[in-house]
Amino acid sequence: MDKIQITGGRQLHGEVNISGAKNAALPLIASSILVNGKTCFSNVPNLMDITSIRQLLEDLGASCKASNNCLEVDGSLINKIEAEYDLVRKMRASILVLGPLVARFGHAKVSLPGGCAIGARPVDMHLSGLEALGAVISIDHGYIEAKANRLIGNEIYFDMPTVTGTENLMMAATLAKGTTELRNAAREPEIVALADALNLMGAKINGAGTPIITIEGVKNLSSADISIIPDRIETGTFMVAAAATGGDVLIKGCNPDHIGGIINKLKATGTSIETFSGSIRVIGNKPIKSVDIKTLPYPGFPTDMQAQFMALMTVADGRSMIHESIFENRFVHANELLRMGAKISISNGNIAMVKGVENLQAAPVMASDLRASASLVIAGLVAEGTTVISRVYHMDRGYENIEKKFSLLGADIKRIK
Ligand SMILES: CC(=O)N[C@H]1[C@@H](OP(=O)(O)OP(=O)(O)OC[C@H]2O[C@@H](n3ccc(=O)[nH]c3=O)[C@H](O)[C@@H]2O)O[C@H](CO)[C@@H](O)[C@@H]1O
Ligand SMILES: C=C(OP(=O)(O)O)C(=O)O
């Protein structure tokens, strides 16, 4: 199994290009199930999760042709409505095929995705939403089965904004008869990107990016060319790494409008940030000021940046309170940061108090999930000595060429076997 080795202490300098967003690409690729024809995606990141969704679509019968960062999916060849456990277990976002399959074929069988390192992550709101659209749902032997002759538009209220839940139901409702209104919908940029793409395919969606999304059902969708938006979490990860190392980095190919919550908190740490159209310059300043954060649905501070921000706070001046309000178990990285000399205490399971230390010390550490791995990379970049991070397959799910990108910025980082 691959590991990442980092010798810390170098400031990051130079330019880095941001890849397409994993969390935008996954629902967009799933949306190609709705189309009885070809959908072409560009700026697709080369990631394990993209391989997983591609394998899943191929298993359903679709043809997928990939070259460079493009992917062409032919949904006209789909001849199977069952997403099997062996494919779904690799990636929770596989649940995103449920809505499109039942909408287009009237029948879907998808393995229950189950929990993961960061929490139980139920899919009850996806299922009750589909029921509201008239699907008959059953769960048997670990599989969700959904059946409907044709989905029928309805009003759906989410108890809390769910990102993939909003995406699943938005996709399903595009082919429903009548109008669907999603209330308390998630507002993430990935939702807007999906609505824009579906509209290009012929859907009639309004309000994406607000808590109320209205979808007027259409009979079918047609082929389209879709470009994946830049990854705001990868952007934020490089911003935090630049701040932590006291570096000066120009982050290119990103969308500063998508990361207001991150920019706001990083500025409060004393980091200098200049935004341009499509790029951001980040200059780290010492001492790093301690700042409190609470993760919230967009446009609040993203849970997917909490681990990286915690790594920054371990070397800040003072105490920081980090409140994780989205997932119940998203502090696993804290234990690894402790092994590197960080001072962190956790109360109530979702509040971490971080007391900044002068410096971290390198140690062998283990990644537990995707963003935990990014936080360990940031810690490794500032620590004294050589850190080895194992289980980096978590990182490969969501960061394209991360060690190459950091190396080009001057980090002493390499992948080892
Ligand atoms: C592929 C993708 O886009 N993943 C992102 C997506 O995950 P994902 O879409 O799985 O996360 P959700 O927005 O659904 O989860 C938000 C909260 O709602 C709860 N919940 C969700 C659905 C449901 O039916 N019932 C329920 O209780 C979850 O357990 C969690 O506490 O949004 C998360 C929150 O921004 C991000 O961390 C993930 O990176
Ligand atoms: C938690 C994440 O992804 P997923 O929902 O695919 O597990 C993430 O991108 O940080």
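These notebook entries record what I looked up in a predicted model of a protein with two ligands.

**Entry 1. Domains**

I began with the domain assignment. It gives domain 1 (3-18 + 230-416) and domain 2 (22-227). The contact between them takes 17 residues from domain 1 and 14 residues from domain 2. I then sorted the side of domain 1 that touches domain 2, and its residues divide into 5 nonpolar, 4 polar and 8 charged. The centres of the two domains, taken over C-alpha atoms, are separated by 30 Å.

**Entry 2. Ligand 1**

I next listed what surrounds ligand 1. There are 20 residues around it, and Asn23, Met125, Thr162, Val163 and Thr164 come nearest. Helix H1 (22-31), helix H5 (124-132) and helix H6 (163-174) are the elements that give two or more residues to this shell. By residue class, I noted 10 nonpolar, 7 polar and 3 charged residues in the shell around ligand 1.

Where does ligand 1 lie with respect to domain 1 and domain 2? Both domains give residues to the shell around ligand 1, so the ligand lies between them.

**Entry 3. Ligand 2**

For ligand 2 I could write down the whole shell: Asn23, Arg92, Ala93, Asp304, Leu370, Arg371 and Gly398. These residues divide into 2 nonpolar, 2 polar and 3 charged. Domain 1 and domain 2 each supply at least three residues to the shell around ligand 2. I marked Asn23 in particular, since it is listed around ligand 2 and is also among the residues that come nearest to ligand 1.

**Entry 4. Cys116**

I consulted the UniProt record for annotated positions. In an unreviewed entry, the annotation "modified residue: 2-(S-cysteinyl)pyruvic acid O-phosphothioketal" covers Cys116. I located Cys116 in the loop between strand S7 (107-111) and H5. H5 is one of the helices that give two or more residues to the shell around ligand 1.

Is Cys116 partly exposed or buried? I found 16 C-beta neighbours inside 10 Å, and Cys116 therefore counts as partly exposed. Leaving aside neighbours within four places in sequence, Cys116 is in contact with Arg92 and Arg121. Arg92 had already appeared in my list for ligand 2.

**Entry 5. Backbone features**

I searched the backbone for cis peptide bonds and noted two that precede proline. The bond from Lys286 to Pro287 is cis, with omega near -5°. Pro287 is placed in the loop between strand S17 (279-283) and strand S18 (293-294). The bond from Tyr298 to Pro299 is also cis, with omega near 10°. Pro299 belongs to the loop between S18 and helix H10 (306-313).

I then looked for positive phi values in residues other than glycine. Asn68 has phi near 50° and sits in the loop between strand S4 (63-67) and strand S5 (70-74). Because Asn68 has 9 C-beta neighbours inside 10 Å, it counts as exposed. Arg391 has phi near 60°. I found Arg391 in the loop between strand S23 (386-390) and helix H13 (393-396). With 18 other C-beta atoms within 10 Å, Arg391 is partly exposed.

**Entry 6. Strands**

I traced an open sheet of 4 strands, in the order S6-S7-S9-S8, with mixed pairing. Its edge strands are strand S6 (82-83) and strand S8 (136-140), each of which pairs on one side only. S8 and strand S9 (residues 143-147) run antiparallel and are joined by 5 bridges. Within this pair, I noted Ser138 opposite Glu145 in S9. As background, strands of a sheet pair through backbone hydrogen bonds, either parallel or antiparallel.

How do S18 and S19 run, parallel or antiparallel? The two strands run parallel, and 2 bridges join them. Ile293 stands opposite Ile322 in S19. I last examined the faces of strand S19 (residues 319-323): Ser320 and Ile322 form the covered face, while Arg319, Met321 and His323 form the uncovered one. Ile322 thus has two places in my notes, on the covered face of S19 and opposite Ile293.

How values were computed: Residues are numbered from 1 along each chain as its sequence is written. Chains are lettered from A and ligands numbered from 1 in the order in which they are written. This is a predicted model: local features need pLDDT of at least 70, side-chain atom pairs count only at pLDDT 80 or more; totals for chains, interfaces and linings use all residues. A residue is near a molecule or strand if its C-beta atom, placed from the backbone, lies within 6 Å of it. Ala, Val, Leu, Ile, Met, Phe, Trp, Tyr, Cys and Pro count as nonpolar, Asp, Glu, Lys and Arg as charged, and the others, Gly among them, as polar. Domain bounds come from an automatic or database domain assignment. UniProt positions are given in the numbering used here, feature names are shortened, and annotations may be inferred rather than shown by experiment. A residue is buried if 20 or more other C-beta atoms lie within 10 Å of its own, exposed if 12 or fewer, and partly exposed in between; C-beta atoms are placed from the backbone. Two residues are in contact if their C-beta atoms, placed from the backbone, lie within 7 Å. Two strands pair if DSSP finds at least two bridges between them.
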